[in-house]
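Q: I have a model open and want to learn how to read its features. Where do we begin?

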Amino acid sequence: SVGPAWAGGLGGGTRAYGELVVEKGCEVVRVEKVEGTVEGGRGSSRYRVGLSNGKEIADVSVIVSAIGVDPTPNVSWLPLEVVRAPDGGILVDSDMRTSCAGVFAAGDACTVSRGGGGGGGDGNAGWFQMRLWSQARSMGIRAAHCMLGVQDQMASDLAFDLFTHVTTFLGKRVVLLGSFNGQGLEEDAGGVRFVSRVTGDVPGQRSFVRVVLQGGRVKGAICIGETDLSEVLEHLILDGLDVSAFGDELLTIDLEDIFD
């Protein structure tokens, strides 16, 4: 849910980060409860986990299965007359139209044309396609509005102004905005900088914010936990305001009051 690149820098095989162990390229094949274990002075169930690669991890309290997304759209059953994009998805324009008259496509099966103007064109640098359920839902709504001819009244193209994804991961609210990992900014003029902030003294109640800056402007952001900053950061990205005067202190000021 937090995106396909969340573990991209972890490498292959087993990697341990404190109490977190990451195993890539395998499946959970067996889970056994370990009796009589105690955690934090109280009874707590722990587990032993067997993996398809033959490895076994003992004393496990939480399993997070990251299934991921098949990078190849499943459209082989469609006739070849329906034009595909280079990544294999059905090519659609900003109104979700395919190359076949009267046929629309949405979601993971399609690839939105970057050929200009609304709906994810090059004019919307803060939007890019990522095969996530939230984006598939927005595309489906857009396709329905376009089929009915009410897209202008319903303003469904606003979903393509800025990449956004909101979900819950390990009990924390996660908001991804714009080029949240600096996507598409590497070759642009001006260096890319990341400014982060962690708040809260109680581990279970901490929050995290990271903004991506380029040329003094906010290009993307990640908010984890209850930060109350996602809306103001969204507007800063869309408005393109120059915040270079704040430097690394950007997240130490009251953004909501200053950029209300």
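A: Begin with a charged pair. The model is predicted. In it, glutamate 32 and arginine 48 form a salt bridge, with the closest N and O atoms 3.4 Å apart. The pair links distant parts of the chain: glutamate 32 lies in strand E3, arginine 48 in strand E6 (residues 46-51), and 16 residues separate them.

Q: What is the general idea behind such a pair?

A: Side chains of opposite charge can pair when their charged atoms come close. By the rule used here, a side-chain nitrogen of Lys or Arg must be within 4 Å of a carboxyl oxygen of Asp or Glu. The count for this model comes to eleven salt bridges.

Q: Is glutamate 32 buried, partly exposed or exposed? And what about arginine 48?

A: Read the relative accessible area. Under 20% is buried, over 50% is exposed, and in between is partly exposed. Glutamate 32 is partly exposed because its relative accessible area is 32%. Arginine 48 has 28%, so arginine 48 is partly exposed.

Q: Which partners does arginine 97 have in salt bridges?

A: Aspartate 93 is one partner, at 4.0 Å from N to O. Aspartate 95 also meets arginine 97 in a salt bridge, at 2.9 Å from N to O. Elsewhere, salt bridges that share partners join Arg30, Glu32, Arg48 and Glu56 into one network.

Q: How do I place the residues around arginine 97 by burial?

A: Apply the cut-offs again. Arginine 97 is at 37% relative accessibility, so arginine 97 counts as partly exposed. Aspartate 93 is at 29% and counts as partly exposed. Aspartate 95 has a relative accessible area of 15%, which means it is buried.

Q: Which residues touch glutamine 151?

A: Look past the sequence neighbours. Leaving out residues up to four places away in sequence, glutamine 151 touches Asp95, Arg142, His145, Cys146 and Ser156. Asp95 is the aspartate that meets arginine 97 in a salt bridge. Glutamine 151 sits in helix H2 (residues 151-154).

Q: Why does glutamine 151 count as buried?

A: Its relative accessibility is 14%, so glutamine 151 falls among the buried residues.

Q: Which residues form a nonpolar patch on the surface?

A: Look for nonpolar side chains that keep accessible area and lie together. Here Val28, Val31 and Ile63 form a patch, with about 230 Å² of accessible area together. Valine 31 is in strand E3 (residues 28-34). Its relative accessible area is 45%, so valine 31 is partly exposed. Strand E3 also holds glutamate 32 of the salt bridge with arginine 48.

Q: How many disulfides are there?

A: A disulfide is a covalent bond between the sulfur atoms of two cysteines. A search of the whole structure finds zero. Cysteines can still be read by burial. Cysteine 100 is partly exposed, because its relative accessibility is 24%. Cysteine 223 is at 1%, so cysteine 223 is buried.

Q: How do I read the protein as a whole?

A: Take the totals. The secondary structure comes to four helices and 14 strands. Of the 260 residues, 33% count as buried. The protein exposes about 15,200 Å², and carbon and sulfur atoms supply 52% of that area.

Q: What share of the contacts joins residues 24 or more positions apart?

A: Among contacts with a separation of 6 or more, such residues account for 41%.

Methods. Residues numbered from 1 in each chain as written. Predicted model: local features only at pLDDT ≥ 70, side-chain atom pairs only at ≥ 80, totals over all residues. Heavy atoms only, no water. Helix = DSSP H or I, 4+ residues; strand = E, 2+ residues; numbered from the N terminus. Buried < 20%, exposed > 50% of the residue type's maximum accessible area, 1.4 Å probe, protein only. Contact = heavy atoms within 4.5 Å. Areas by Shrake-Rupley, 256 points an atom, 1.4 Å probe, with all protein chains shown as cover. Patch = residues over 30% accessible without salt bridge, like charges linked within 9 Å, V, L, I, M, F, W, Y side chains within 5 Å. Disulfide = S-S within 2.5 Å.
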